[in-house]
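Got your viewer open? Let's take a walk through this protein together, one selection at a time.

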Amino acid sequence: MTSLLIQDAEIQGEISQVRLRSGKITAIGPDLEPDPSESVMHARGGALLPGLQDHHIHLLALAAATESVPCGPPQINDQEALKRALKEHASNLQPAQWLRGVGYHESVNGELDRNRLDALIDSHPVRIQHRSGALWILNSRALAEITPASGIFPDGAEKDEQGRLTGRLYRADAWLRSQLGPRSLPPLSEVGQKLASFGVTGVCDATPANGQSELEAFARARASGALPQNLLLMGHTELPASPYPGIERGAVKYMLDENALPAEDDLIAQIKDAHGQGRGMAFHCVTRTELVIALNALERAGATAWDRIEHASITPPDLLDWLARLPIAVVTQPNFIFERGDAYTVSVESRDQPWLYRCAGFLHAGVPLAGGTDAPFGEPNPWAAMQAAVERRSASGTLLSLEEALSPEAALRLFQSPLGSPGRKSNSIQVGQPADLLLLKVPWSRARDRLDAADLQATWVDGQQIWNDGEELGQ
Ligand SMILES: [Zn+2]
């Protein structure tokens, strides 16, 4: 069995030696000596911490965003720039791999169709999404690949006067995804590595559409090593339980929308359904009204510790009291304070401004509180999110409810509870615990003042090193 001794690591302020063997922490002590057969890593006093858990992320959307070529303003403004960007991206792809573009606008190259797109690139199957989100444009190679045996395309597939497909598919996302099958799922290796570089060893994927095919895609990515993180998978009610190691089935995700609210009895029935499957219900709540609807339905259905509120973007005192009486957790995105804070100060009603993305208020009320970046809708760097939880500053420097600020230690804890019990007891470095760890280059007393991902030195999942910063790692 592979064995590693991490020497001179700082654990809760003390310098110690730590042995990782068979995926677990098997020994911790000031005087451990290396076994002849084991590798040694010199931590040089850097802090060894439990790996970070991103409690709310969308992996496939993040991978798609990472993998996609921007095809419109501001990055791409004319035909030549578009052609160059497509060719350059294609040069990194396997021969039959699909190229995915996003954000196309007519100002770049007019009404884009298969002919114009073929002229730009015909080496790979290509699909480009219009900026409106309502239209995909495919080149001829891509069209040929997804033509059904029946030859029948959906109504949204545009044809020219001769009855020939133009390559423009309107509102055909679901159909396109079903035709593409696994090809519609982007590779996850780049995302897996990026998260590992932040010390992330576990993620909860909060995508409501997750079902069997996504579960299988994640299982393949995990088995191949492309996605090294442990995974808690939320999804719809048909998402099967996971037979795969390192992947657990999570809550049923419910997107509440105050403009299209469901009937109360229907919602209660759905919560009971989720509970019947041994799952919680995770409510997307970004307004006051949505939080009221969720709390009321959860209370009436019988809230459990598996239920969660995602975002809880606006939580005034009366709703906080109500929430605190229920056994449910809140998963917040402190990074939005920085990333969207300036927009919030304009768009959010002034009476709601003090209750935006609270942190300390939840903790004082005893509500289990965990953090997630919501990437790709936020930046995937949990250290930046921690920094925002501490500083409560928008990108332009506006302070948002400084009384909601956390200490660096409390900010770190947002990302240290187990995936299955967000905001409850944090993971810790103890003998017998899984070796899901991160090592900093500096002691915590220095790291806490900057909360910077650049301080990361190495990351392990199940005792396997999944990332290091490329410097010399000892013998
Ligand atoms: Zn989300």
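What follows is a tour that goes from the whole chain down to single peptide bonds.

**Stop 1: the whole chain**

Before you click anything, keep in mind that this is a predicted model. Show the chain as a cartoon and you'll be looking at 16 helices and 22 strands. Its C-alpha atoms fill a box of roughly 80 × 60 × 45 Å along the principal axes. How does the radius of gyration compare with that of a compact globule? For 475 residues, such a globule would have a value near 23 Å, and the chain has 24 Å, so the two agree.

**Stop 2: colour the domains**

Give each domain its own colour: domain 1 is 3-51 + 430-468, domain 2 is 61-184 and domain 3 is 189-413. Notice that domain 1 is written as two stretches of the chain. Now look at domain 2 and domain 3, whose C-alpha centres lie 32 Å apart. Six residues from domain 2 and six residues from domain 3 make the contact between them. On the domain 2 side, five of those residues are nonpolar, one is polar and none is charged.

**Stop 3: a sheet in domain 1**

Select residues 3-11, which are strand β1, and residues 14-21, which are strand β2. These two pair in the antiparallel sense over seven bridges. Show side chains for S3 and you'll find R21 of β2 standing opposite. Now zoom out to the full sheet: four strands in the order β3-β2-β1-β4, open, with mixed pairing. Which strands stand at the edges? They are β3 (24-29) and β4 (39-42); each has a single partner strand, so one side of each is left without a neighbour in the sheet. Turn the sheet about and look for the twist, which averages 25 degrees from one strand to the next.

**Stop 4: a six-stranded sheet and its helix**

Next comes another open sheet with mixed pairing, this one with six strands in the order β7-β8-β9-β10-β12-β11. The edge places belong to β7 (69-70) and β11 (157-159), each with a single partner strand, so one side of each has no neighbour in the sheet. Pick out residues 135-138 (β10) and residues 165-170 (β12): they run antiparallel and are joined by three bridges. Here I137 stands opposite R168 of β12. Then add residues 79-90, helix α2, which packs on this sheet and touches β7, β8 (99-104) and β9 (126-130). The direction of α2 makes about 150 degrees with that of β8.

While you're here, click on P74 in the loop between β7 and α2. The peptide bond from P73 to P74 is cis, with omega near 5 degrees.

**Stop 5: two crossing helices**

Jump to helix α12 (residues 335-347) and helix α14 (residues 382-391). Their axes are 6 Å apart and the packing angle is about 75 degrees, which means α12 is roughly perpendicular to α14. Show N335, I337 and F338 on α12, then A384, A385 and A388 on α14, because that's where the two touch. Five of these contact residues are nonpolar, one is polar and none is charged.

**Stop 6: backbone oddities**

Select P376, in the loop between β19 (369-371) and α14. A cis peptide bond joins A375 to P376, with omega about 10 degrees. Finish at A312, in the loop between β17 (308-311) and α11 (317-325). A312 isn't a glycine, yet it has a positive phi of about 40 degrees.

Key
Residues numbered from 1 in each chain as written. Predicted model: local features only at pLDDT ≥ 70, side-chain atom pairs only at ≥ 80, totals over all residues. Domains from an automatic or database assignment. Contact = placed C-beta atoms within 7 Å. Nonpolar A, V, L, I, M, F, W, Y, C, P; charged D, E, K, R; others polar. Pairing = 2+ DSSP bridges. Axes fitted to C-alpha atoms, helices over the stretch in contact; angles between N-to-C directions. Parallel < 35°, antiparallel > 145°, perpendicular 65-115°, else oblique. Rg over C-alpha atoms; globule rule 2.2 N^0.38 Å.
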